[in-house]
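Welcome to a short set of exercises. Have the sequence and the 3D view ready, and try each task before you read its solution.

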Amino acid sequence: MSRKITRLRFEVAKQRDGRWYCSINFGNGATFAGATGYNRRRNAIQSARSVMEHSQFAELRLYDGDEFTILEPAAVIDTGSVRYP
Amino acid sequence: MAHIVADWIKETASNKPDGSTAFNLPDTGYTGGYGSFDSVLATGDTCFYTATNTVARETGLGTFTAGSPDTLTRTTILSSSTGSAIDWSSGGDVTVELVDPARQVGQSWLAHVAGTDADTTMVANHMYVVDMSAWATADRTYTLPAAAVAGDRVGIMVTAGDASHELIITANTGDTLNGISGGTEWSRLFITGEVVIMRCTADAATWIVEYDGRIPCFMMLRTTNATSGTQTGGTFYAPTATTGSHGAATWTAEVNIGSAGTTADGRFTARRANNGLIVTAKGTTANALTDGNYAAVFAWNGTTSYVTSQISVGGTAVVPNFAGAGTFPPQAVGAYAELIYRTQESNKYLAGGAFFGVKEILN
């Protein structure tokens with residue numbers, strides 16, 4: 001089964017415990033990959049990408065020919081304040 | 001060119017038309033204070049009329065034309081004493097009166113009749129008012145009438161629904177309802193307050209749903225305790241162990257409109273064919289995961305996942321939250337949606353408070 005995914009939206013946030021969270025929402029609206037609890041923002045993003053791109057689980061895997069556009073991380077939420085990266 | 005309804009309009013025609021000719025109306029009201037057709041109708045207006053010469057009778061839809069004399073063209077014959085248009089030429093004088101035909105009144109009014117716990121062939125121009133709460137043994141099929149004429153209507157109103165049985169609606173053999181052939185169900189009713197009104201648009205052939213007052217099923221289930229038992233890493237489980245073998249959590253229903261949700265198995269089961277579902281699924285592990293490992297919650301139909309949420313954790317002692325929302329494709333009666341979950345490590349479990357929400361998209 002192949003799917004055409006046209007948009008992937010990143011959301012990156014710093015949690016109140018100081019760790020980083022990253023979610024990637026697929027364009028079909030029904031699939032979500034993410035990472036949480038990372039000390040570095042970069043590692044959270046990399047982990048979320050890894051879940052998305054290299055997961056061994058068919059339900060999340062992208063296939064050859066799938067089309068997608070990665071939207072840049074939308075916002076960083078740092079202890080209640082919001083700023084764009 | 002309006003359709004005119006009025007009281008006390010009656011005249012004696014100045015001709016005795018054959019079966020296809022218009023009535024000539026002298027613009028003189030009938031004895032006893034009746035008014036003339038010309039007093040309420042203009043050229044192009046329509047009205048229902050009934051005509052009699054004391055022997056033959058005819059009722060139909062007439063189209064008025066002002067002139068000398070005024071005429072009322074017999075546009076559509078609804079009924080007559082012979083079953084077809086009357087040839088008035090050999091009888092006495094013909095009186096013509098503006099009326100509301102009985103059938104027309106019935107179509108507008110929908111006579112109240114109680115629907116019963118039995119398969120029913122419905123009668124045109126009735127509203128079946130159904131208390132399903134005492135339906136004891138089976139689904140019941142309500143079939144539209146076969147010998148309907150265009151304009152006939154039938155309604156069904158559920159005053160009390162039922163959690164186990166459904167009222168199935170279908171057209172009669174050879175007819176269609178919203179394009180669905182008789183004998184094949186259009187849909188089902190079972191929720192208190194559901195109302196459907198159907199209108200015949202072609203004689204003895206075609207019905208269309210004029211008013212669709214079905215209520216979408218909607219459920220919100222939540223677990224009250226964590227799962228337990230032996231949980232193998234990477235394996236899918238349902239919180240109630242309908243999938244997998246570890247100990248069961250308990251589902252409670254916060255909302256369950258239409259009783260499609262069942263707490264025993266945590267599933268939404270379609271009680272009527274639908275155009276799909278809107279689904280949300282949320283979970284949290286009961287125990288912290290270690291570095292790089294994942295947890296996931298899915299919503300599936302037993303074969304395919306349509307909502308997927310998977311999250312990996314960094315560092316130690318992280319309890320991830322994961323939630324997804326999406327749509328399911330159309331379901332047949334009996335198809336289900338179910339929340340399942342897994343964790344990369346064994347025995348991390350799904351914490352109490354997992355949530356599964358489903359709303360039906362009506363077909």
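Buried means under 20% relative accessible area, exposed means over 50%, and partly exposed lies in between, using a 1.4 Å probe and protein chains only. This is a predicted model, in which local features need pLDDT of at least 70, side-chain atom pairs count only at pLDDT 80 or more, and totals for chains, interfaces and linings use all residues. Residues are numbered from 1 along each chain as its sequence is written, chains are lettered from A and ligands numbered from 1 in the order in which they are written, and side-chain values use heavy atoms, without hydrogens and water.

**Exercise 1. Unusual backbone angles**

Find Trp8(B) and decide whether Trp8(B) is buried or exposed.

*Solution.* Step one: look in the segment before strand 1 (10–12) of chain B, where Trp8(B) is found. Strands (E, at least two residues) and helices (H or I, at least four) are DSSP runs, numbered from the N terminus. Step two: Trp8(B) counts as exposed because its relative accessibility is 62%. Step three: check phi, which is near 60 degrees for Trp8(B), a positive value in a residue other than glycine.

Now try Ser259(B), in the loop between strand 19 and strand 20 (261–262) of chain B. Phi is positive there too, near 55 degrees. With a relative accessible area of 30%, Ser259(B) is partly exposed.

Finish with the peptide bond from Ser68(B) to Pro69(B): it is cis, with omega near 0 degrees. Pro69(B) sits in the loop between strand 4 (57–65) and strand 5 (70–80) of chain B. Most residues other than glycine have a negative phi, and most peptide bonds are trans.

**Exercise 2. A buried polar pair**

Which side chain makes a polar contact with the side chain of Gln231(B)?

*Solution.* Step one: go to the loop between strand 18 (218–223) and strand 19 (251–257) of chain B, where Gln231(B) is found. Step two: note that Gln231(B) is buried, because its relative accessible area is 1%. Step three: the partner is the side chain of Thr343(B), at 2.8 Å. A polar contact is a pair of N or O atoms within 3.5 Å; within protein, one must be able to donate a hydrogen and the other to accept it, and residues adjacent in sequence count only if both atoms are side-chain atoms. Step four: place Thr343(B) in strand 26 (residues 336–343) of chain B. Thr343(B) is buried, with a relative accessible area of 1%.

**Exercise 3. A sheet in chain B**

In what order do the seven strands of the open sheet lie?

*Solution.* Step one: the order is 7-9-11-16-17-13-14, with mixed pairing. Two strands pair if DSSP finds at least two bridges between them. Step two: strand 7 (111–115) and strand 14 (180–181) are the edges, each pairing on one side only. Step three: strand 7 runs parallel to strand 9 (residues 126–131), over five bridges. Gly115(B) has Val130(B) as its bridge partner in strand 9.

**Exercise 4. Where the chains meet**

How many residues does each chain bring to the contact?

*Solution.* Step one: with contact meaning heavy atoms within 4.5 Å, chain A brings 19 residues and chain B brings 23. Step two: count eight residue pairs in polar contact between the chains, both residues being at pLDDT 80 or more. Step three: on the side of chain A that touches chain B, strand 3 (31–38) and helix 1 (41–54) each supply at least two residues. Strand 3 of chain A gives the most to that side, with eight residues.
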